[in-house]
Amino acid sequence: MRPKDLKSPFAWQSRRVMIEHYQRILYVPERCQRVDLKKELTKIINEFENVQIEFCSGNGDWVCQKAQHNPKILWVAVEKKFERVQKIWSKIQNTGLKNVFIVCGEALEVATYYLEDCLVDEIYINFPDPWPKNKHAKFRLIELPFTKQIHRLLKPYGKINFVTDDKNYSSKSIQVFLEGDYFDSQFSDPFYRSDIQEYGTSYFRSLWEEKKRGFYFSKFQKKCKHKS
Ligand SMILES: C[S@@+](CC[C@H](N)C(=O)[O-])C[C@H]1O[C@@H](n2cnc3c(N)ncnc32)[C@H](O)[C@@H]1O
């Protein structure tokens, strides 16, 4: 199957939130009415005991490798661009993976409105767009509204993995993760490691490796006595 064999289930003017059960895809298009699908999604997710989410999956290299090597885990891939979702879907079709569920939608919107509390064992955010210019900082995903939501989604003591090639985004994100008493770092000060040998490969990891950029890998654990 080629990526373009996955057709969008609606024209842009008639876009809506919907689950395509057969394809195992949840569509959460931009600027359209929210629908309460939490119960329906929980049913799908709870078919697996262990659930892990990758936000910003890109073309899905990393999540599909993980799913192949860990067939008892459900891997949820969240990616906002449909052309990239098509690539993830094509990989799933061509490898026959049964343990990946795709969400075509924006990470904060999906985390806030579509997923129930304490559903997820581990979360991964691999090479999210760093938006390095100050005037674009408002577009960064790792900000308090998002970290609050992922704290809510994680099971007790669940973990978050965050990797970037951008030192400044790494420092800012570490600050956000440690703000508000939601998470403990799994690494001591400076709260990141550069060695990601065992982490798995992705399109952007390979790209930045070729360009000899450094890596900043942080890991956090959900604190369980948070008072909100
Ligand atoms: C730099 S790429 C990294 C892709 C992949 N993780 C990798 O390592 O190859 C960032 C990806 O995140 C997606 N993305 C950016 N912001 C997002 C958001 N708020 N919600 C969902 N996806 C997002 C982009 O469309 C893009 O595919």
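**Exercise 1. The ligand shell**

How do the residues of the shell around the ligand divide into nonpolar, polar and charged? Describe the surroundings of the ligand in this predicted model.

*Solution.* Step 1: the shell comprises five nonpolar, five polar and seven charged residues.

Step 2: 17 residues surround the ligand, and those that come nearest are Glu79, Arg84, Glu106, Asn126 and Ser202.

Step 3: the polar contacts are then examined, with N or O atoms paired within 3.5 Å. A polar side-chain atom of Glu106 is placed 2.7 Å from a nitrogen atom of the ligand. For Cys56, a polar backbone atom is 2.8 Å from a ligand nitrogen atom. An oxygen atom of the ligand has a backbone N or O atom of Tyr203 at 3.4 Å.

Step 4: on its own, the ligand has 600 Å² of accessible area, of which the protein covers 94%.

**Exercise 2. The largest pocket**

Determine which space the ligand takes, and characterise the lining of that space.

*Solution.* Step 1: the ligand takes the space of the largest pocket.

Step 2: the volume of this largest pocket is about 850 Å³. Its lining consists of 34 residues, with Cys56, Glu79, Lys80, Pro128 and Asp129 closest to the centre.

Step 3: at least two lining residues come from each of several elements, namely helix H2 (61-69), strand E4 (73-79), helix H3 (82-95), helix H4 (107-113), helix H5 (144-153) and helix H7 (203-210).

Step 4: sorted by class, the lining holds 15 nonpolar, seven polar and twelve charged residues.

Step 5: two residues link this exercise to the previous one. Cys56, one of the residues closest to the pocket centre, has the backbone contact with a ligand nitrogen atom. Glu79 is likewise among those closest to the centre, and it is one of the residues that come nearest to the ligand.

**Exercise 3. The second largest pocket**

Which elements give two or more residues to the lining of the second largest pocket? State also its volume and composition.

*Solution.* Step 1: the second largest pocket holds about 430 Å³ of space. Among its 20 lining residues, Trp12, Val28, Pro29, Glu30 and Lys80 are the closest to its centre.

Step 2: the contributing elements are strand E2 (25-28) and strand E5 (100-105).

Step 3: the lining contains eleven nonpolar, two polar and seven charged residues.

**Exercise 4. Backbone exceptions**

Identify the peptide bond and the residue that depart from the usual backbone pattern.

*Solution.* Step 1: most residues other than glycine have a negative phi, and most peptide bonds are trans.

Step 2: the bond from Asp189 to Pro190 is cis, its omega being near 15°. Pro190 belongs to the loop between strand E8 (183-185) and H7.

Step 3: Trp131, a residue other than glycine, has a positive phi near 40°. The loop between strand E6 (120-126) and H5 contains Trp131.

Methods. Residues numbered from 1 in each chain as written. Predicted model: local features only at pLDDT ≥ 70, side-chain atom pairs only at ≥ 80, totals over all residues. Heavy atoms only, no water. Near = heavy atom within 4 Å. Polar contact = N/O pair within 3.5 Å; in protein donor to acceptor, adjacent residues only side chain to side chain. Areas by Shrake-Rupley, 256 points an atom, 1.4 Å probe, with all protein chains shown as cover. 1 Å grid on protein atoms, 1.4 Å probe; cavity = no way out; pocket = protein on both sides within 12 Å on 5 of 7 lines; lining within 4 Å. Sits in = over half its atoms within 2 Å of the grid points. Nonpolar A, V, L, I, M, F, W, Y, C, P; charged D, E, K, R; others polar. Points joined across faces, edges and corners; volume = space filled by probe spheres on them. Helix = DSSP H or I, 4+ residues; strand = E, 2+ residues; numbered from the N terminus.
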